[in-house]
Amino acid sequence: MNSQNTPVHIRLWHHDFWRMAVANLLLTVAVYMLVPTMPQWLMETQGLSALESGIAMGAFGVGLFVFGAFVSFLVQHYRRNVVCIWAVLAMAALIGSLYYINTYRAEFVDFSLVVLQRLALGAVFGLAQMVLTSTLIIDTCESYQRTEANHSAGWFGRFALSIGPLAGLLLQRLAGFDYVVLAAGGAAVVAVVLIWLVNFPFRAPEDDIPTVSLDRFFLPHGFPLFVNLQLIMLATGLLFSLPLHERFYAMMMVGFLFALLAQRFVFRNAEVKSEVVTGLILLGAALLMMLTHPQPIVWYIAPVFVGFSLGIIGSRFMLFFIKLSRHCQRGTSQSTFMLGWESGIAWGLGIGLAVFQAESVPVLVTALILVVCALVLYHFTHNWFVRNKNR
């Protein structure tokens, strides 16, 4: 396959798939509502330093890996939708704990408690996402529709990258951090309802399933792709550590819409390599504009470039992981992509706060260097992928 051409099957978009896709959107929105708002709350209300806030936000990325080795065992020995529901309920409870801390605790919150909350939130979010993307979403469709299902559901999660921060900032400005937390927790609860409404038939567990395994967790032979994706998302996380306006995330959404159209009409018959290269060039251009041109128009154009680049890069890397996977490794490829995407953002956000104190010049320079490194590395990664893909 030398060009982008993801088929569209109208029969994929039935009620159960819609519920799973929207649940994926709501789960990710719940997490991203806290990305721009929680650091501000920690530093201004709870008295934590930028270093402590950065460590706490970065702990989320570590937590994503906690349950990964146990996912295969859990979905084989327990009903897979029940595992996901309990993980999302735990997310809602952990997000709700922030409401308790902000409302009922008179003294400042302990730094260790915040780190533990973020670590646990990352762990249950990672578990929920691995079960949802590796099992539940593809279980709602026919076998020949699974690549399209992953591709389409991935876009719902990608839009959350703009919807979540935008909603969080608007709620924080209009009503306060308490309402951000309540809305995020409410989004997680609605996701539980949507998952519960879908009927997943019982499957007898396979024999001799090991308690710890890489199945549905991490694709070892996809490590070069994982590293390349990490560099891109570290740069994105660094960018998100800056105090960005609501307008930035709204314009990012416009960029995502342009990316959807471009995939269908511009890159349909183009070389596969052109998508990621174009996306990285536009991401670098956005960072360079923000670094060198203070004019107001830049804050309209740059986020469109960011949204467009993340849209086409994210969907292309997701398909890369699918095509790299061997038989019965589709779920593992999706979990690996999710880990690279989410942990990169979390760690970039943490580094931007802890190391650079959210200062725009060092953050943007570092992000730009990472994008250049990712572009250089991609030349080798793409050639390696072409030699090693299995689909």
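Helix 2 crosses helix 3 in a right-handed sense. That is in a predicted model, so please keep that in mind throughout. Helix 2 covers residues 34-44, and helix 3 covers residues 50-63. Their axes sit 9 Å apart, at an angle of about 145 degrees.

Who makes the contact? From helix 2, we have Leu34, Val35, Met38, Pro39, Leu42 and Met43. From helix 3, we have Ala50, Ser53, Ala56 and Met57. Sorted by class, that gives nine nonpolar residues and one polar residue. Charged residues? There are none in this contact.

Now the second pair, helix 12 and helix 14. Helix 12 runs over residues 298-324, and helix 14 over residues 360-388. The packing angle here is about 35 degrees, and the axes are 10 Å apart. This crossing is left-handed. Helix 12 brings Phe317, Phe320, Lys323 and Leu324 to the contact. Helix 14 brings Tyr378, His382, Trp384, Phe385 and Asn388. The class count is six nonpolar, two polar and one charged.

Let me step back to the whole chain. What is it built from? The protein chain has 14 helices and zero strands. Read from the N terminus, every element in the run is α. The radius of gyration is 20 Å, and the globule rule gives 21 Å for 391 residues. Those two values are close, so the chain is as compact as a globular protein of that length. Along the principal axes, the C-alpha trace spans about 50 × 45 × 35 Å.

Two more chain-wide numbers. Buried residues account for 58% of the 391. Then take the contacts with a separation of 6 or more. Of these, 90% join residues 24 or more positions apart.

Last, one single residue: Ser213. Where is Ser213? It lies in the loop between helix 8, residues 177-196, and helix 9, residues 223-240. Is Ser213 buried or exposed? Its relative accessibility is 16%, and the cut-off for buried is under 20%, so Ser213 counts as buried.

What does the Ser213 side chain reach? It comes to the backbone nitrogen of Asp215, at 3.4 Å. Now set aside the neighbours within four places in sequence. Ser213 is then in contact with Gly68, Ala69 and Ser72.

To recap the two helix pairs. Helix 2 with helix 3 is right-handed. Helix 12 with helix 14 is left-handed.

Technical notes. Residues are numbered from 1 along each chain as its sequence is written. This is a predicted model: local features need pLDDT of at least 70, side-chain atom pairs count only at pLDDT 80 or more; totals for chains, interfaces and linings use all residues. Side-chain values use heavy atoms; hydrogens and water are left out. Axes are lines fitted to C-alpha atoms, for helices over the stretch in contact, and angles run from 0 to 180 degrees between N-to-C directions. Helices (H or I, at least four residues) and strands (E, at least two) are DSSP runs, numbered from the N terminus. A crossing is left-handed if the near helix is turned anticlockwise from the far one by less than a right angle, and right-handed if clockwise. Contact means heavy atoms within 4.5 Å. Ala, Val, Leu, Ile, Met, Phe, Trp, Tyr, Cys and Pro count as nonpolar, Asp, Glu, Lys and Arg as charged, and the others, Gly among them, as polar. Buried means under 20% relative accessible area, exposed over 50%, partly exposed in between (1.4 Å probe, protein chains only). A polar contact is a pair of N or O atoms within 3.5 Å; within protein, one must be able to donate a hydrogen and the other to accept it, and residues adjacent in sequence count only if both atoms are side-chain atoms. The radius of gyration is taken over C-alpha atoms; the globule rule is 2.2 Å times the number of residues to the power 0.38.
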